[in-house]
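Biologist: Could you take me through one helix pair up close? I am new to this, so please explain the terms as you go.

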2 protein chains.
Amino acid sequence: MARKKQYNETEVIEKAMRLFWRNGYESTSVRMLEKEMGINQFSIYASFKNKEGVFLESIKLYNTQIKAITDTLEKSNNGVVGIKDYFLDFLDFSREGAIFKGCLVTNTVNEINEDANPVIMAALKRFSLNIRALFVRNLKQDDQRGVEEIEAQADYLMNALLGLSISSKVFNEEQLKSIIKITFLHL
Amino acid sequence: MARKKQYNETEVIEKAMRLFWRNGYESTSVRMLEKEMGINQFSIYASFKNKEGVFLESIKLYNTQIKAITDTLEKSNNGVVGIKDYFLDFLDFSREGAIFKGCLVTNTVNEINEDANPVIMAALKRFSLNIRALFVRNLKQDDQRGVEEIEAQADYLMNALLGLSISSKVFNEEQLKSIIKITFLHL
DNA sequence: ATAATAACTAAGCAGTTGCTTAGATTTAAC
DNA sequence: GTTAAATCTAAGCAACTGCTTAGTTATTAT
């Protein structure tokens, strides 16, 4: 009947994701995506509808790639220690050679405008809430905390994690590990 | 000789700053600035050279406005307590009605590309280092910490402050105050 | 009043944005 | 081999970006 696609959609999304991760959403143009993904604009729009579609697929891929870490957290039964391991694992995950790229989700949350991109913002918030839920779950394991304390500590940890996404672009690895260490000192 | 300017440069920068604060640097267009500042593009370029110039003036104004808070920190002689007060003061400072806008500097650091905007990035880094230096100064006041511990704690506090800039757009006031409380629990 | 000068308005510049469309090319079923 | 459908390329769309320029208007010193 017809011709076959000359590219693998997962492969080109992998490349798109890396570009978004480095540059952010708005400052990654469709022309840049075209070059990086190695396919024509027409093919991009045929496969993913629009730029937003490419990004949403990138987030999905990001999710499956980071799953190795979240799975470890989800399966851990050692409370706060598990969360701390997650922080360290994440730092490793976000490394590209010598530099850290932060979290694709956090980077984008901080960049885009909620009113202008409600669909993207919703996807990003869903992602964040999942992480927070895992923190709550692990905090409960130590069971010496009240419900309110757990919620407050989960917010505290989210704040530290969000901060780490920015810090990782400013501080060096030693400093980052030291920040994580202090963050968990009194939990 | 000639006509007088029909606008006050400080007044229009105040309006520009608010716009940058809400929207970020890149997504604030010169047309938007034109509307918000209430003057023509020609006047903008005549007074401030270019968009970058408008932003640099906005940062200057931001600096003088936040000075009330940093001054309090600078004059405080109560160590960690002074820093905590700074966190709370900053939260208040970044409020606009019911919502929090985060820190103009942090927002922009996270948004712009260093290579594309080296001048702006330099100004932003200068600002951040000033804050960190104040943290170090105050941590020394308690004098029971070693130099290394002070540096590490200053990084930890910067991380929390950076996080707060993002968190303030996601969490409510009660949560934010709780985050600050926990951040300082063991210092 | 006149002349000089600065500030104003508004149109327009080239370059970029996300997205579409026309037309050529490849593939596969009959 | 013909036909039909999906893919490809490349040109082009309107809207936007930061910035400039030509020409008008207002203000001041003479």
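Modeller: Here is a walk through one helix pair in chain B, followed by the side of chain A that touches chain B. This is a predicted model, in which local features need pLDDT of at least 70 and side-chain atom pairs count only at pLDDT 80 or more, while totals for chains, interfaces and linings use all residues. Residues are numbered from 1 along each chain as its sequence is written, and chains are lettered from A and ligands numbered from 1 in the order in which they are written.

Let's start with helix α6(B), residues 104-111, and helix α7(B), residues 118-141. Helices here are DSSP runs of H or I with at least four residues, and strands are runs of E with at least two, numbered from the N terminus. The two helices pack at an angle of about 130°, with axes 10 Å apart. Axes are lines fitted to C-alpha atoms, for helices over the stretch in contact, and angles run from 0 to 180 degrees between N-to-C directions. That makes α6(B) oblique to α7(B); angles under 35 degrees count as roughly parallel, over 145 as roughly antiparallel, 65 to 115 as roughly perpendicular and the rest as oblique.

Which residues make the contact? V105(B), T108(B) and V109(B) come from α6(B), and L124(B), F127(B) and S128(B) from α7(B). Being in contact means that C-beta atoms, placed from the backbone, lie within 7 Å.

Now for the two chains: 26 residues of chain A are in contact with 26 residues of chain B. On chain A's side, α6, α8 and α9 each give two or more residues, and α8(A) has the largest share, eleven residues.
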